[in-house]
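This briefing goes through strand pairing, core packing, salt bridges and surface features in turn. Please keep the sequence and the structure in view while reading.

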Amino acid sequence: MGIDLKAGGRRVGHKSSMKKVKTQNPYNKLLIKLYKFLARRTDSKFCATVLKRLHMSKLNKPPIGLHRLSKYMSKKEGKTAVIVGKVTDDVRMLECPKMSVCALGFTEGARKRIEASGGECITLDQLALRAPKGSNTVLLRGPKSREALSHFGHSTSVANPHTHTGVKPYVRSKGRKFEKARGRRRSCGFKI
C-alpha cells in the first residue's frame, strides 16, 4: 500500500507541540525545563502529566473556581490540589475551607481567601521540591465547557461552510431588529 501523493502526500511538518516550547513566558519555560527533567529521571506519571499540561495552550488550561476546588478537595485533608492553570475567586461561596493549593496563578481574591482560611498557595516549582513524584497530591482541571467557548468560531477551518454553525454572536438582544440582516439571511447578500 503506497502513499496517495495527490491527496496530500506524507504528513510532514506536523510535529508534536511537546517538541517545541511555544510559550514566551520565561517562568513557564523554566517550569517546562524542570518537569521535563523530573519526568525523565523519576518515571513518574504525575510529572509527565504536568509537563503535558504545561505545553498546552491557554484555551486548554481553563481556570478553576474556588467553589469547585473546595468541592473536589472535601474529604482529602493533608493533600495538595495541583492545577496547571489559574485559580479564581468565587464570591457566591461564603466561607473557604482550609486547603493547600498549587497552581500556575491565583487571582488576588482567591489568594486572599485561601490564606485567610489558614491554607496555602504554592507554585509548581515549590511543589517540585516538596513532592517531586507528586505524592499526596490531587491533580485537578477546570471545566472546559465555559460560556466564552460558545462565541469562538473557526474550530475547523475558515473555508469550511460549518465554521460559524453554532457560534453564538455577541448580541445585545436576540430579536428581529438585532443582527438579522446582511450575513444572516440569504435574501441580503449571504448567510453564515
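**Strands and their pairing**

E3 pairs with strand E4 (residues 120–122) in the parallel sense, over 3 bridges. The model is a predicted one, and the points below follow E3 and E2 first, then the cores, the charged pairs and the surface.

- Within the pairing of E3 and E4, Val-101 stands opposite Cys-121 in E4.
- E2 and E3 also run parallel, and the two are joined by 6 bridges; in this arrangement Thr-80 has Ser-100 as its bridge partner in E3.
- Strand E1 (residues 64–65) is joined to E2 by 2 bridges, again with the strands running parallel, and here Gly-65 stands opposite Thr-88 in E2.
- Both E2 and E3 are mostly covered, since 7 of the 9 residues of E2 are buried and 6 of the 7 residues of E3 are buried.

**Thr-80 in strand E2**

- Thr-80 is found in strand E2, and it counts as buried because its relative accessibility is 10%, where the cut-off for buried is under 20%.
- Leaving out residues up to four places away in sequence, Thr-80 touches Met-73, Ser-100, Val-101, Cys-102, Ile-122, Leu-127, Asn-136, Thr-137 and Val-138.

**Nonpolar cores**

- The largest nonpolar core holds 18 residues, of which Leu-66, Leu-69, Ile-83, Val-87, Val-101 and Ile-114 touch the most other members.
- Two or more residues of this core are given by each of helix H3 (66–73), strand E2 (80–88), strand E3 (100–106), helix H4 (108–116) and E5.
- A second core, separate from this one, is made of 17 residues, and includes Ile-32, Cys-47, Leu-51 and Leu-124.
- Val-101, one of the residues that touch the most other members of the largest core, is in contact with Leu-69, Thr-80, Ala-81, Ile-83, Val-87, Phe-106, Ile-114, Glu-120, Cys-121 and Ile-122, when its neighbours within four places in sequence are left aside.

**Salt bridges**

- The count of salt bridges comes to 5, and three of the pairs, Arg-92 with Asp-90, Lys-112 with Glu-108 and Glu-120 with Arg-130, are taken up here.
- The side chains of Arg-92 and Asp-90 meet at 3.1 Å, N to O; Arg-92 counts as exposed because its relative accessibility is 71%, whereas Asp-90, with a relative accessible area of 10%, is buried.
- The side chains of Lys-112 and Glu-108 meet at 3.9 Å, N to O, and the two residues are separated by about one helical turn because they are 4 residues apart in helix H4.
- Lys-112 is exposed at 56% relative accessibility, and Glu-108 is exposed as well, with a relative accessible area of 62%.
- The side chains of Glu-120 and Arg-130 meet in a salt bridge at 2.8 Å, N to O.
- This pair links distant parts of the chain, with Glu-120 in strand E4 and Arg-130 in helix H5 (residues 124–130), 10 residues apart.
- Glu-120 counts as partly exposed because its relative accessibility is 29%, and Arg-130 is partly exposed with a relative accessible area of 48%.

**Lys-98 in the loop between E2 and E3**

- Lys-98 lies in the loop between E2 and E3, and it is exposed because its relative accessible area is 65%, with exposed meaning over 50%.
- When its neighbours within four places in sequence are left aside, Lys-98 is in contact with Ser-117, Gly-118 and Gly-119.
- The C-alpha atom of Lys-98 is separated by 8.9 Å from that of Glu-77, and the two residues are 21 residues apart along the chain.

**Nonpolar surface patch**

- Leu-59, Phe-152 and Tyr-170 make a nonpolar surface patch of about 340 Å².
- Phe-152 has its place in the segment after strand E5 (137–140), and it counts as partly exposed because its relative accessibility is 40%.

Note on methods: Residues are numbered from 1 along each chain as its sequence is written. This is a predicted model: local features need pLDDT of at least 70, side-chain atom pairs count only at pLDDT 80 or more; totals for chains, interfaces and linings use all residues. Side-chain values use heavy atoms; hydrogens and water are left out. Patches are made of residues with over 30% relative accessible area and no salt bridge: like charges are joined within 9 Å, nonpolar side chains (Val, Leu, Ile, Met, Phe, Trp, Tyr) within 5 Å. Accessible areas come from the Shrake-Rupley method with a 1.4 Å probe; for residues, only the protein chains shown count as cover. A salt bridge is a side-chain nitrogen of Lys or Arg within 4 Å of a carboxyl oxygen of Asp or Glu. Buried means under 20% relative accessible area, exposed over 50%, partly exposed in between (1.4 Å probe, protein chains only). A nonpolar core is a set of buried Ala, Val, Leu, Ile, Met, Phe, Trp, Tyr and Cys residues joined through side-chain atoms within 4.5 Å. Contact means heavy atoms within 4.5 Å. Two strands pair if DSSP finds at least two bridges between them.
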